[in-house]
Amino acid sequence: MIAASFDYSAPETLADALRVLSDDPEAKILAGGQSLIPIMKLRLSIPSQVVDLGGIIDLHAIAEEEGIIRIGSMTTHEQVEHSELLSEKCPLLVAAASGIGDVQVRNRGTIGGSVAHADPAADYPAALQALDAKVKVVSSAGEKIIPIDEFIVDALTTALEPDEIITEIHVPTESTGIGTAYETIVQPASGYAIVGVAARIGLSEGNISFARVGITGVGSKAYRALAVEKALEGQPAKDDTYGIASRVAAEGVEALEDLHASSEYRAHLATVFTCRAIAAAAGRAQ
Ligand SMILES: Cc1cc2nc3c(=O)[nH]c(=O)nc-3n(C[C@H](O)[C@H](O)[C@H](O)COP(=O)(O)OP(=O)(O)OC[C@H]3O[C@@H](n4cnc5c(N)ncnc54)[C@H](O)[C@@H]3O)c2cc1C
């Protein structure tokens, strides 16, 4: 398939990109093109022009400031995977990035593009939920910081307005006594998660003091497994606790069904991989 014809612009500043978006409501942002270009080729999206963010240098940086790591939206999956700062201070995101697609996809695809696309099986959203991450969006009217669970509304649907650009993803640096893990079973052709579970567990004197669990691939959007977190907090850090808590990993979620997994099997995988992720994260917190 060949995309319909479109104009192309490559602004060098955020202000210029925002101007193009407010002047042309049919324009679409181009980041790594790993999701947008296939959709345009299928003519499911027919933008009047694509606005390539690749030349805006400020969107490519990863920096730490006052306990928060700011990841520029144009940071590629490969840059996340190999960032020394993230590997030391936010290894959960590194684990999620390293399993995305293949090396070509990781070289081109960006964290901002992945979050904006909101694929229900994407890897980052589970990790970002477990990290209590926030998304910084900017438009000509100003800027907003949106918690990730409010930003992702449903499959392929976010809180982003057409004239807004994601500029940064904010994640906290890990404090001591907290361990993280990302456990996933993937669809081998694409690498997308059939189920992916990100866990962030804090321990204090042998008990679970803090739990965050984000799950992707199971429902129409990645979600926080609040029932699992509640069942973990205050309990002793041992296998029985993890097994019991994991049973409610898909509680209240309408599990997806496709040729890779029935809804019952997906819900079952959610319990298995939640248990594994919690156990691995708790092991690292020790
Ligand atoms: C073969 C293949 C395998 C893949 N496997 C996986 C996988 O295993 N796991 C996984 O998570 N993903 C996977 N992906 C998707 C990949 O991670 C993409 O990189 C990601 O979904 C989109 O990022 P992008 O930078 O390419 O965005 P683009 O395709 O350029 O854009 C996607 C959408 O986001 C919008 N957008 C992009 N950047 C911004 C911004 N800064 N502000 C506002 N809107 C923006 C665009 O307008 C567009 O609507 C795969 C893709 C392919 C092609």
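In what sense do strand 5 and strand 10 pair, and over how many bridges? Strand 5 (residues 68-72) pairs with strand 10 in the antiparallel sense, over 5 bridges, where two strands count as paired if DSSP finds at least two bridges between them.

## Basis of the description

This is a predicted model, in which local features need pLDDT of at least 70 and side-chain atom pairs count only at pLDDT 80 or more, whereas totals for chains, interfaces and linings use all residues. Residues are numbered from 1 along each chain as its sequence is written. Helices (H or I, at least four residues) and strands (E, at least two) are DSSP runs, numbered from the N terminus.

## The sheet of five strands

Strand 5 and strand 10 belong to an open sheet of 5 strands with the order 4-5-10-6-7 and antiparallel pairing. Strand 4 (62-65) and strand 7 (142-147) stand at its edges, each with a single partner strand, so one side of each is left without a neighbour in the sheet. Neighbouring strands of this sheet are turned against each other by 25 degrees on average, direction ignored.

Within this sheet, I69 has V171 of strand 10 as its bridge partner. Helix 1 (residues 14-23) lies across strand 6 (134-139) and strand 10, running at about 125 degrees to strand 10; axes are lines fitted to C-alpha atoms, for helices over the stretch in contact, and angles run from 0 to 180 degrees between N-to-C directions.

## The sheet of four strands and its helices

A further open sheet is formed by 4 strands in the order 11-12-13-14, again with antiparallel pairing. Its edge strands, strand 11 and strand 14 (223-224), each pair on one side only. Strand 13 (residues 207-216) and strand 14 pair over 2 bridges, and the bridge partner of G214 in strand 14 is R224.

Helix 12 (residues 263-285) packs on this sheet, touching strand 11, strand 12 and strand 13, and its direction makes about 35 degrees with that of strand 12. Helix 5 lies across strand 11 and strand 12, running at about 10 degrees to strand 11. In helix 5 (residues 91-98), 6 of the 8 residues are buried, that is, 20 or more other C-beta atoms, placed from the backbone, lie within 10 Å of their own. What covers these buried residues includes helix 3 (77-81), helix 4 (84-89) and helix 8 (124-130), contact being counted when C-beta atoms, placed from the backbone, lie within 7 Å.

Terms used:
Buried ≥ 20, exposed ≤ 12 C-beta atoms within 10 Å, placed from the backbone. Contact = placed C-beta atoms within 7 Å.
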